[in-house]
Each structure stands twice: as C-alpha cells, then as structure tokens.
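Hi,

Here is the structure I promised to pass on. Have a look at it first, and then read on for what I found.

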Amino acid sequence: MTSIDVRNLTKEYRGRQVTRAVDGLTFRVEPGRVTGFLGPNGAGKSTTMRLVLGLDRPTSGTATVGGRPYVTLAEPLRAVGALLDAQAAHPSRTGRNHLRLLAASNGLPERRVAEVLDETGLADAAGRRIRTYSLGMRQRLGIAAALLGDPGVLMLDEPANGLDPEGIVWIRGLLRRLAAEGRTVLVSSHLMNETSAFADHLVVLGRGRLLADVPTRDFIDAHSQDRVRVRTGDPVRLRAVLRAKGWTVGEAPDGDGRWVVEGASAEEIGAATAREGIPVFELAGERASLEQAYLALTAEAAQFTTRTAASPAASPQEV
Ligand SMILES: Nc1ncnc2c1ncn2[C@@H]1O[C@H](COP(=O)(O)OP(=O)(O)OP(=O)(O)O)[C@@H](O)[C@H]1O
C-alpha cells in the first residue's frame, strides 16, 4: 500500500525577504482513507503538494510516495494523480483531446479517456474547447486528468472550487469511493465544515507548521462543545435543576420558550428532567460550529508563531 510521507520538510522562497512557506513539516497520508489537508490561505498546502510532486525542491527534508521521491517513479501518472491548477489545460483544445494527449504522452490506454470523461460527467462536453468550460467544468477536467492513470495516490488541491452544490455532492462521493478502493487520497481546502463532511482524517497547517494530525471524529469531539436545546412548560424549575448540576443555561436566541444548555448531553438532560418530573416538549443536541473551532485553532497558532518566532518549531496541538 502506498502512503505519502513528509519528513521534516522545509521550503523557503528567497526574494527580497525569505518566506518560509513550509516549516519542519512531518506527517503521513495513509491509504484507504480521505485525508483533508486544511489551513488558511498561505498556510503552505499548495507548496507541500508541489514538493511531493517534485515540482519544487525542498530547502531541507523529504517528501516521498511509497517511500520514493516522485521524480524517481517509473510511471508517475499511474502512481499519483494530481489536480493542482484547473486553469492549466490549453484553452484551444477540446476536453477530449487534452486527455488524449496526456494519455498518449504517458503511455496510458486510450480507453481511459472515455472512462474518466464518464466518471467526471464531462462526456457530453468532451468535444467542446476548454475555453468555453465553466470553472466547475475545468475542475472536473482536472479531476479527469488526475484519474487517467488509475493511480493509487490522489492529491487534489481545492477540487470543490467552482463546483455547484450537485458537483460538491458528486465529488464527496467520488473521494469516498476512491478511498474505499484502498487509494491514498489527500484533498486540500480552507473550509473545515466542507472537509469534515467527507474526510476521515485531518492534517491542519498554520504558517507552514503542523497544527493537528487527527482523525476527523476526534477533532470534532475535542473542538466542538455539546449544546442541547430544551423546550419545557416549566422553565423556572428547568433552570433550577440544570444550574444545580453545574450546567450553563441560557435562553435560545429565538426566545420562544427554548433554552440552550451547554456542558451536558441530551441523554443527561433527559434523565435529569425525567427524575424531577419536568415536562419536556423538545430536546435536541447540536454541535457548536466546527468552523469556529478550526478558526480558533489556526488563529492561536498564528499568535503563538508570532510571539515565539525565535523559539524552536511549535509542536502540533494536542486534541
Ligand atoms: N513561488 C513562490 N515564491 C515566493 N513565495 C511563495 C511562492 N509560492 C508560495 N509562496 C508563499 O508561500 C506561502 C505558502 O503558500 P501556499 O500557496 O503553499 O499556501 P496555501 O496553503 O496553498 O494557500 P492557499 O489556500 O491560498 O492556496 C505563502 O506565504 C506564499 O505567498
């Protein structure tokens, strides 16, 4: 099975000043699951992907696919499929010709062209010039190109960019299926809510450093507080009972007799109100916004990095 391994990877761009785009990064992307690669703009996601693909040279450290640097792979398109820049295809070619050329120049069978066009929903548009494609169609074409070699490893940089809601549902299903087939799937995004909907695992970057490398479920459990909405016919006793337990009770913003309780599960509240004989008309658990937890994580890292710029690399945050 093929994993992507990034070890102590650092990339500095030297212009008028030095930009450390990737800073001592170490993580592994395992096969058989979708790994979401998250971080705010400029966190270093695209640079890391470019380093894995050998499109840029690291300042130090290594990035390998199946234990080997990408540039040493005998048949790279059969090993790794990548979508980095959906605008890269030549605009005057048709979608089909773009894929045919890629297949021919990489020794891939011609039949794969029709297969990936079907897979990405582009079969009807395949004869049109790429310049007439919408952003979403270009994304689909980029994904078709990544799938052409039937690779065991896929690296997609913001693949949902420009896709309509139907396209987003489609790509989630595609990524899940590719992982279920045992492939290694790394997908970058700067949106936590979107990514947590399909990723099994999350690697989060901030300013080129690793902030978290965790199963999505663990991130959700660690970073989102339990909140439960309760509607009752006896708010005075409800408040008294819940406060006595040490749970925070506040009126819900819609104010129509609903209360929001933090720090307890719906089961715990249901049991407490039943014991006290308090009538409950509605009891619903909800999660605080995951996106907020993610923004807090990346914001903390930014502050930490600024405060301790002279200190050794920050260790990944425990979740
Ligand atoms: N060729 C380059 N020359 C100089 N600086 C660069 C170069 N490529 C990237 N950078 C810088 O490296 C940092 C990381 O950029 P990168 O594109 O990898 O981030 P990203 O996480 O992919 O962001 P985004 O979500 O905006 O695509 C940024 O500060 C960026 O300006």
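Before the ligand, one cut-off: a residue is near a molecule or strand if its C-beta atom, placed from the backbone, lies within 6 Å of it. Please also keep in mind that this is a predicted model.

**The ligand**

With that cut-off, there are 13 residues around the ligand, and Tyr13, Ala21, Asn41, Ser46 and Thr47 come nearest. Two elements, β2 (18–29) and α1 (45–52), give two or more residues to that shell. The most comes from α1, which gives 3 residues. Sorted by class, the shell has 9 polar residues, 3 nonpolar ones and 1 charged one.

**The chain as a whole**

Stepping back, the protein chain has 11 helices and 13 strands. Its C-alpha trace spans about 75 × 55 × 35 Å along the principal axes. Of the 319 residues in the chain, 38% are buried. If you take the contacts between residues at least 6 apart in sequence, 70% of them join residues at least 24 apart.

**Helix α6 and what covers it**

I spent some time on α6, which runs over residues 165–180. It has 16 residues and reaches 23 Å from its first C-alpha to its last, close to the 22 Å expected at 1.5 Å a residue. Which of its residues are buried? They are Ile171, Leu175, Leu178 and Ala179. Looking down the helix axis, the buried residues of α6 fall within an arc of 95°, so they line one face of the helix. The face turned away from that buried side carries the exposed residues Pro165, Glu166, Gly173, Arg177 and Ala180.

As for what lies over the buried residues of α6, the cover includes β3 (33–38), β6 (153–157) and β7 (184–189). After α6 comes Gly182, and the phi of Gly182 is positive, near 95°.

**Strand β7**

One of those covering strands, β7, deserves its own paragraph. It is mostly covered, with 6 of its 6 residues buried. Both faces are covered: Thr184, Leu186 and Ser188 are buried on one side, and Val185, Val187 and Ser189 are buried on the other.

How many bridges join β3 to β7? There are 6, and the two strands run parallel. Within that part of the picture, Val34 has Val185 in β7 as its bridge partner. β6 also runs parallel to β7, and 5 bridges join them. If you want a residue to look for, Asp157 stands opposite Ser188 in β7.

**Some single residues**

Thr72 sits in the loop between β4 (60–65) and α2 (76–79). Is Thr72 buried or exposed? Thr72 is exposed, having 10 other C-beta atoms within 10 Å. Compare its place with that of Arg93: the two are 21 residues apart in sequence, and their C-alpha atoms are 30 Å apart in space.

Pro215 is in strand β9 (residues 209–215). Because Pro215 has 14 C-beta neighbours inside 10 Å, it counts as partly exposed. Leaving out residues up to four places away in sequence, Pro215 touches Asp200 and His201. Between Pro215 and Glu262 there are 24 Å in space, C-alpha to C-alpha, and the pair is 47 residues apart in sequence.

Next, helix α8 covers residues 216–223, and Thr216, Phe219 and His223 are buried in it. These three cover an arc of only 60° around the axis, which puts them on the same side of α8.

Last on my list is Arg243, which you will find in helix α9 (residues 235–244). Arg243 is exposed, as 12 other C-beta atoms lie within 10 Å. Arg243 and Val261 are 18 residues apart in sequence, while in space they are 9.5 Å apart, C-alpha to C-alpha.

**Where to look**

If you open the model with little time, I'd begin with β7, where 6 of 6 residues are buried, and then turn to α6, whose buried residues have β7 among what covers them. After that, go to the ligand and pick out Tyr13, Ala21, Asn41, Ser46 and Thr47, the residues that come nearest.

Cheers

Technical notes
Residues are numbered from 1 along each chain as its sequence is written. This is a predicted model: local features need pLDDT of at least 70, side-chain atom pairs count only at pLDDT 80 or more; totals for chains, interfaces and linings use all residues. Helices (H or I, at least four residues) and strands (E, at least two) are DSSP runs, numbered from the N terminus. Ala, Val, Leu, Ile, Met, Phe, Trp, Tyr, Cys and Pro count as nonpolar, Asp, Glu, Lys and Arg as charged, and the others, Gly among them, as polar. The expected span of a helix is 1.5 Å times one less than its number of residues. A residue is buried if 20 or more other C-beta atoms lie within 10 Å of its own, exposed if 12 or fewer, and partly exposed in between; C-beta atoms are placed from the backbone. The arc is that of the directions from the helix axis to the C-beta atoms. Two residues are in contact if their C-beta atoms, placed from the backbone, lie within 7 Å. Two strands pair if DSSP finds at least two bridges between them.
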